[in-house]
Amino acid sequence: MSWSYSCPWCGAMLNPDKTIILTASRGGERVLIGFHPEPGNYELFLPPNVSISEGDHWDFFCPVCRENLLTGELEGLCELRMVDDDKEQQVFFSRIAGEQATLVVSKGKGKPKVQEKHGDHATRYTERVMPVRF
Ligand SMILES: [Zn+2]
């Protein structure tokens, strides 16, 4: 299985190797964080001097165009584009450390539909009012 991720704003590929690389900021701190490409795998690759505390709110940005990846579509979640076996999808993920919520949404004809839910906390988001039908 291979996943290819890109920025919803500029289209830049964000996992040129396997790991997804995003600019992350918390307070005044700005670092690069690597994410495992498999939806639902929450392994992180952090710089040696960075530690993550549960409940921290992070902002994530595209490292190429620097746009904020927070989505307007699903409140509180960040968005990436993902191509998985030639299907184009959107992946939404939580920006709160320790909160495991990832949604894979298809963008085909008709209404967007959630294809996959991952993480113990995904239902916090699927229960919200959103333009996505479950
Ligand atoms: Zn971008």
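Two strands count as paired here if DSSP finds at least two bridges between them. With that in hand, the predicted model can be read one sheet at a time.

Start with the four-stranded sheet. It is open, its strands run in the order E4-E3-E2-E5, and the pairing is antiparallel. Strand E4 (44-45) and E5 sit at the edges with a single partner strand each, so one side of each is left without a neighbour in the sheet. In the middle of the order, seven bridges tie strand E2 (residues 20-26) to strand E3 (residues 29-35), and the two run antiparallel. Among the pairs in this ladder, Ala-24 has Val-31 in E3 as its bridge partner, while Ser-25 stands opposite Arg-30 in E3. E2 and E3 make a hairpin with two residues between them, and Gly-27 in the turn takes a positive phi of about 60 degrees.

What does E3 do with E4? The two pair in the antiparallel sense over two bridges. Here Phe-35 has Leu-44 in E4 as its bridge partner, and Gly-34 stands opposite Phe-45 in E4. E2, for its part, pairs with strand E5 (residues 59-61), again in the antiparallel sense, over three bridges. Thr-23 of this pairing stands opposite Phe-61 in E5. As a general point, side chains in a regular strand alternate between the two faces of the sheet.

Now for the other sheet. Five strands make it up, in the order E1-E6-E7-E8-E9; this sheet too is open, and the pairing is antiparallel. Its edge strands are strand E1 (3-6) and strand E9 (113-118), each of which pairs on one side only. Going from one strand to the next, the twist averages 30 degrees. Within this sheet, strand E6 (residues 77-84) and strand E7 (residues 87-94) run antiparallel and are joined by eight bridges. One of the pairs is Asp-84 with Lys-87, its bridge partner in E7.

Stepping back to the whole chain, the secondary structure comes to one helix and nine strands. Along the sequence the pattern reads β-β-β-β-β-β-β-β-β-α, with the helix after the strands. The radius of gyration is 14 Å, close to the 14 Å that the globule rule gives for 134 residues, so the protein is as compact as a globular protein of that length. Laid out along its principal axes, the C-alpha trace spans about 45 × 30 × 25 Å.

How much of the protein is buried? Buried residues make up 24% of the 134 residues, where being buried takes 20 or more other C-beta atoms within 10 Å of a residue's own. As for contacts with a separation of 6 or more, 39% of them come from residues 24 or more positions apart.

How values were computed. Residues numbered from 1 in each chain as written. Predicted model: local features only at pLDDT ≥ 70, side-chain atom pairs only at ≥ 80, totals over all residues. Axes fitted to C-alpha atoms, helices over the stretch in contact; angles between N-to-C directions. Rg over C-alpha atoms; globule rule 2.2 N^0.38 Å. Buried ≥ 20, exposed ≤ 12 C-beta atoms within 10 Å, placed from the backbone. Contact = placed C-beta atoms within 7 Å.
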